[in-house]
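I opened this model today and kept notes as I went along. Here is what I looked up.

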Amino acid sequence: MDGDANRPIKALLTMDDIVTALERDGPTSVTDLSGAIDRPQSVVHDYLSTLQQLGYVVQTDGGAYGLSLRYLELGGSVRDDVSLYEVAKPEVNRLAESSSSELVTLSVEQNGLCVALDVVQSERNVAYDFSEGTHFHMHSSGVGKAMLAQYDDERVTAILEQHGMPARTENTITDRDDLDAELERIRNEGVAFDREEYRTGMTTISTTIQDSAGDVLGGLSVTGPAHRLAESDIKDELQSELLSTVNIIELNYSAQ
């Protein structure tokens with residue numbers, strides 16, 4: 001699980017710092033970006049000019065630099081190559097339609113983090129700060145815990161050692177023993193819950209999607225306001241629809 005390079009290329013690390021800063025802060029001037037990543041302005045300008053030439057950065061009328069839509073093209077191409085996305089997409093849309101304002105998310109694990117492949121909300125009565133491509137820790141999310149529950153102890157340990165167990169909210173599980181107990185409960189019940197562990201005020205019901213051999217392909221989750229999902233009849237209905245949807249996805253995936 002150790003992804004550290006033996007001899008990392010400094011130029012690529014600097015480029016990553018620049019791209020990360022632009023993603024975080026939006027269009028930024030050379031001066032501000034130089035301060036944000038602690039690099040000389042001349043160096044930052046050279047990187048930005050090169051990235052602009054390659055089509056990865058654009059410059060606004062005011063002179064600030066921002067990420068281009070080239071990343072959307074690349075991300076979409078990569079996502080389309082994931083067979084689970086193509087199989088699951090129609091069912092994700094159907095589940096979102098039937099679950100009204102709840103947010104339905106299809107996720108996979110990559111390098112020890114969850115990645116949202118598809119995020120769909122039928123009625124936008126509740127605003128969710130979440131989109132395709134979002135990376136998030138496994139221990140602090142329902143879908144991440146659902147996948148961890150299916151991994152062996154060695155793999156879980158490797159993931160936690162690589163990424164840690166940071167607290168996103170006061171409800172996030174940050175103790176390994178507590179997480180192990182939670183994973184055992186998930187194995188017994190077949191579903192995982194994020195009880196305001198990722199975002200305060202929101203609850204998620206999640207489960208894994210597996211292939212015919214029992215290997216985890218990814219996970220599906222339904223997220224809604226905590227007070228709404230606390231109502232037992234609504235929770236039971238959403239859980240039933242979630243499991244039914246996953247069953248259809250697994251059957252369709254196996255039939256490919």
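The entries below go from confidence to the sheet, then to salt bridges and the surface.

**Ground rules**

I am working with a predicted model, where local features need pLDDT of at least 70, side-chain atom pairs count only at pLDDT 80 or more, and totals for chains, interfaces and linings use all residues. Residues are numbered from 1 along each chain as its sequence is written, and side-chain values use heavy atoms, with hydrogens and water left out.

**Confidence**

I checked pLDDT, the predictor's confidence in each residue, from 0 to 100. The protein chain averages 90, and 95% of the residues score at least 70. The low spot is helix α4 (residues 70–80), with a mean of 75, while helix α6 (residues 142–148) has the highest confidence, at 97. Note to self: where pLDDT is low, the predicted coordinates should not be read in detail. For the labels, helices (H or I, at least four residues) and strands (E, at least two) are DSSP runs, numbered from the N terminus.

**The sheet**

I traced an open sheet of six strands, in the order β5-β4-β3-β8-β7-β6, with antiparallel pairing. β5 (135–137) and β6 (192–195) stand at the edges with a single partner strand each, so one side of each has no neighbour in the sheet. From one strand to the next, the twist averages 30°; the angles run from 0 to 180 degrees between N-to-C directions, with axes as lines fitted to C-alpha atoms (for helices, over the stretch in contact). Two strands count as paired if DSSP finds at least two bridges between them.

I then followed strand β3 (residues 103–110). Is β3 enclosed or open to the outside? It is largely enclosed by the rest of the structure, because seven of its eight residues are buried. Here buried means under 20% relative accessible area, exposed means over 50%, and partly exposed is in between (1.4 Å probe, protein chains only).

Eight bridges tie β3 to strand β4 (residues 113–121), and the two run antiparallel. One partnership I looked up there is Ser107 with Ala116 in β4. The hairpin of β3 and β4 has two residues between the strands, and Asn111 takes a positive phi near 55° in it. β3 also has five bridges to strand β8 (residues 216–225), again antiparallel. Val104 stands opposite Val222 in β8.

For edge strand β6, I found four bridges to strand β7 (residues 202–210), running antiparallel. Ala192 has Ser206 in β7 as its bridge partner.

**Salt bridges**

I used this cut-off: a side-chain nitrogen of Lys or Arg within 4 Å of a carboxyl oxygen of Asp or Glu. How many salt bridges does the structure hold? There are 14.

Arg176 takes part in a salt bridge with Asp153, with the closest N and O atoms 2.8 Å apart. That pair links distant parts of the chain, since Asp153 is in helix α7 (residues 153–163) and Arg176 is in helix α8 (residues 176–189), 23 residues apart. Arg176 also forms a salt bridge with Asp180, at 2.9 Å between the closest N and O atoms. Asp180 and Arg176 both lie in helix α8, four residues apart, about one turn of the helix. I looked up accessibility too: Asp153 is exposed at 51%, Arg176 is partly exposed at 22%, and Asp180 is partly exposed at 30%.

Arg24 and Asp25 meet through their side chains in another salt bridge (3.0 Å, N to O). Arg24 is exposed, at 54% relative accessible area, and Asp25 is partly exposed, at 42%.

I also noted a network of salt bridges linking Lys145, Glu182, Arg185, Glu189, Arg195 and Glu197.

**Surface**

Ile9, Leu12 and Met15 form a nonpolar surface patch, with about 270 Å² of accessible area together. Patch residues have over 30% relative accessible area and no salt bridge; like charges are joined within 9 Å, and nonpolar side chains (Val, Leu, Ile, Met, Phe, Trp, Tyr) within 5 Å. The areas come from the Shrake-Rupley method with a 1.4 Å probe, and for residues only the protein chains shown count as cover. Ile9 sits in the segment before α1 (10–25) and counts as exposed at 54% relative accessibility.

Last lookup: Glu23 is in helix α1 and is exposed, at 61% relative accessibility. Its C-alpha atom is separated by 23 Å from that of Gln162, 139 residues apart along the chain.
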